[in-house]
Amino acid sequence: VHGERVLEGDTFPLELLGEEKVKESLLRIIRAAKILNTDFGKIYIDFAEPISLRNYTETAIAKASKPLDPFANKVHRREIVQSLGFDIIYQLSEKLVIMSTALVAAMILLHRKGISEENLVKRIDWLAREVLARGARIGGGTAESAALLLRNGMAHLEEIVHRQKDMFRPSVYPKVDYKNILLLSYYRNSLLHLFVLEAIVACATAAFGQQIAWQEGVELERLWEESLFLYQLLSREFITPKKLRTREDFHSVVQFMVSRGTLTLTGD
């Protein structure tokens with residue numbers, strides 16, 4: 001289930017700051033009745049194929065490179081449960097719809113001092129096309145109508161994005177907490193899994209310094225070593241179907257980055 005607007009928009013950022021989650025109560029439910037008149041935009045619901053725990057376990061045992069007995073061995077049971085959890089996350093990632101609010105929030109956060117409406121439409125148009133190029137779906141508009149994506153996104157972000165004439169920026173003021181930035185970041189984060197492997201390679205490239213990375217170039221073997229180290233370091237932070245464990249994985253990411261104009265490959 002993925003929607004354009006976060007239902008707990010007022011309390012969610014505070015929870016990210018470490019505050020205790022507000023407990024549900026009858027009074028709170030009654031007070032929340034006013035949200036029935038609130039427009040929460042589009043909601044996308046995908047129904048996956050049911051997972052039979054029995055069949056999944058039997059398949060895992062049959063494919064295992066070593067004997068498994070999850071019914072008697074807690075370690076083996078934990079391995080299968082972890083594998084099942086990862087498979088569920090993979091399916092969630094593949095079915096995730098990138099909403100207009102995510103596209104708008106991502107661009108607003110990149111231009112915290114403000115960006116004109118004309119340039120914002122151009123940036124959203126570019127980002128929407130990059131999202132589609134990575135096989136994701138877009139909700140709340142189409143890549144062919146960046147202006148519509150901006151309008152739909154702003155309809156749900158108007159309380160946390162300040163607009164003055166044709167300029168947009170995050171609504172943050174001195175001596176006020178940054179919960180609006182956190183909420184914008186939450187919307188933007190639904191994009192991260194699409195770019196994480198490319199980001200790892202890009203960070204590894206930049207680590208060689210401006211002189212080498214931008215002028216002299218980096219040998220692929222050295223870039224592979226640094227990318228693998230960074231991927232292993234972040235392997236528990238990002239759970240994605242695509243991996244960066246082998247040279248084949250690495251070369252596939254590099255070739256895609258070359259095709260999108262992010263990297264230039266010369267020689268062998």
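Biologist: In what order do the strands of the open sheet stand, and how are they paired?

Modeller: Before the sheet itself, a word on the source: this is a predicted model, in which local features need pLDDT of at least 70 and side-chain atom pairs count only at pLDDT 80 or more, while totals for chains, interfaces and linings use all residues. Residues are numbered from 1 along each chain as its sequence is written, and side-chain values use heavy atoms, with hydrogens and water left out. As a general idea, strands of a sheet pair through backbone hydrogen bonds, either parallel or antiparallel. Here the open sheet has three strands in the order E4-E7-E6, and their pairing is antiparallel. Strand E4 (115-116) and E6 stand at the edges with a single partner strand each, so one side of each is left without a neighbour in the sheet. Strands (E, at least two residues) and helices (H or I, at least four) are DSSP runs, numbered from the N terminus.

Biologist: Over how many bridges do E6 and E7 pair?

Modeller: Two strands count as paired if DSSP finds at least two bridges between them. E6 and E7 pair over four bridges, in the antiparallel sense, and E4 and E7 pair over two bridges, also in the antiparallel sense. To follow the pairing residue by residue, note that valine 161 stands opposite proline 170 in E7, and glutamine 164 stands opposite methionine 167 in E7. For E4, isoleucine 115 stands opposite phenylalanine 168 in E7. The hairpin of E6 and E7 has two residues between the strands, and lysine 165 takes a positive phi near 60° there.

Biologist: What span should helix H7 have, and how far apart are its end C-alpha atoms?

Modeller: The expected span of a helix is 1.5 Å times one less than its number of residues. Helix H7 (residues 146-157) has 12 residues and should therefore span 16 Å, and its end C-alpha atoms are indeed 16 Å apart.

Biologist: Is histidine 156 of that helix buried or exposed?

Modeller: A residue is called buried under 20% relative accessible area, exposed over 50%, and partly exposed in between (1.4 Å probe, protein chains only). Histidine 156, which lies in helix H7, counts as buried because its relative accessibility is 9%. Other buried residues of H7 include Leu149, Leu150 and Met154. The buried residues of H7 pack against several elements, among them helix H5 (100-110), strand E5 (137-139) and helix H8 (179-188). Contact means heavy atoms within 4.5 Å. Leaving aside neighbours within four places in sequence, histidine 156 is in contact with Glu4, Arg5, Asp39, Phe40, Gly41 and Thr101. In the protein as a whole, buried residues make up 33% of the 268 residues.

Biologist: How many salt bridges does a search of the whole structure find?

Modeller: A salt bridge is a side-chain nitrogen of Lys or Arg within 4 Å of a carboxyl oxygen of Asp or Glu. The search finds 11 salt bridges. In one of them, lysine 66 meets glutamate 79, with the closest N and O atoms 3.3 Å apart. Lysine 66 lies in the loop between H3 and helix H4 (74-95) and glutamate 79 in helix H4, so the pair ties together parts that are 13 residues apart in sequence. Another salt bridge joins the side chains of aspartate 125 and arginine 129 at 3.3 Å, N to O. Both lie in helix H6, four residues apart, about one turn of the helix.

Biologist: Are glutamate 130 and arginine 134 buried or exposed?

Modeller: Both glutamate 130 and arginine 134 are buried. Salt bridges that share partners join Glu130, Arg134, Glu198 and Arg260 into one network. Within it, the closest N and O atoms of glutamate 130 and arginine 134 are 2.7 Å apart. Glutamate 130 has its place in helix H6, and its relative accessible area is 8%. Not counting residues up to four places away in sequence, glutamate 130 touches Phe195 and Arg260.

Biologist: Which residues form a nonpolar patch on the surface?

Modeller: Patches are made of residues with over 30% relative accessible area and no salt bridge; like charges are joined within 9 Å, and nonpolar side chains (Val, Leu, Ile, Met, Phe, Trp, Tyr) within 5 Å. Accessible areas come from the Shrake-Rupley method with a 1.4 Å probe, and for residues only the protein chains shown count as cover. The patch here consists of Val1, Ile43, Ile45 and Phe47, with about 530 Å² of accessible area together. Phenylalanine 47 lies in the loop between E2 and helix H3 (53-63) and is exposed, with a relative accessible area of 78%.
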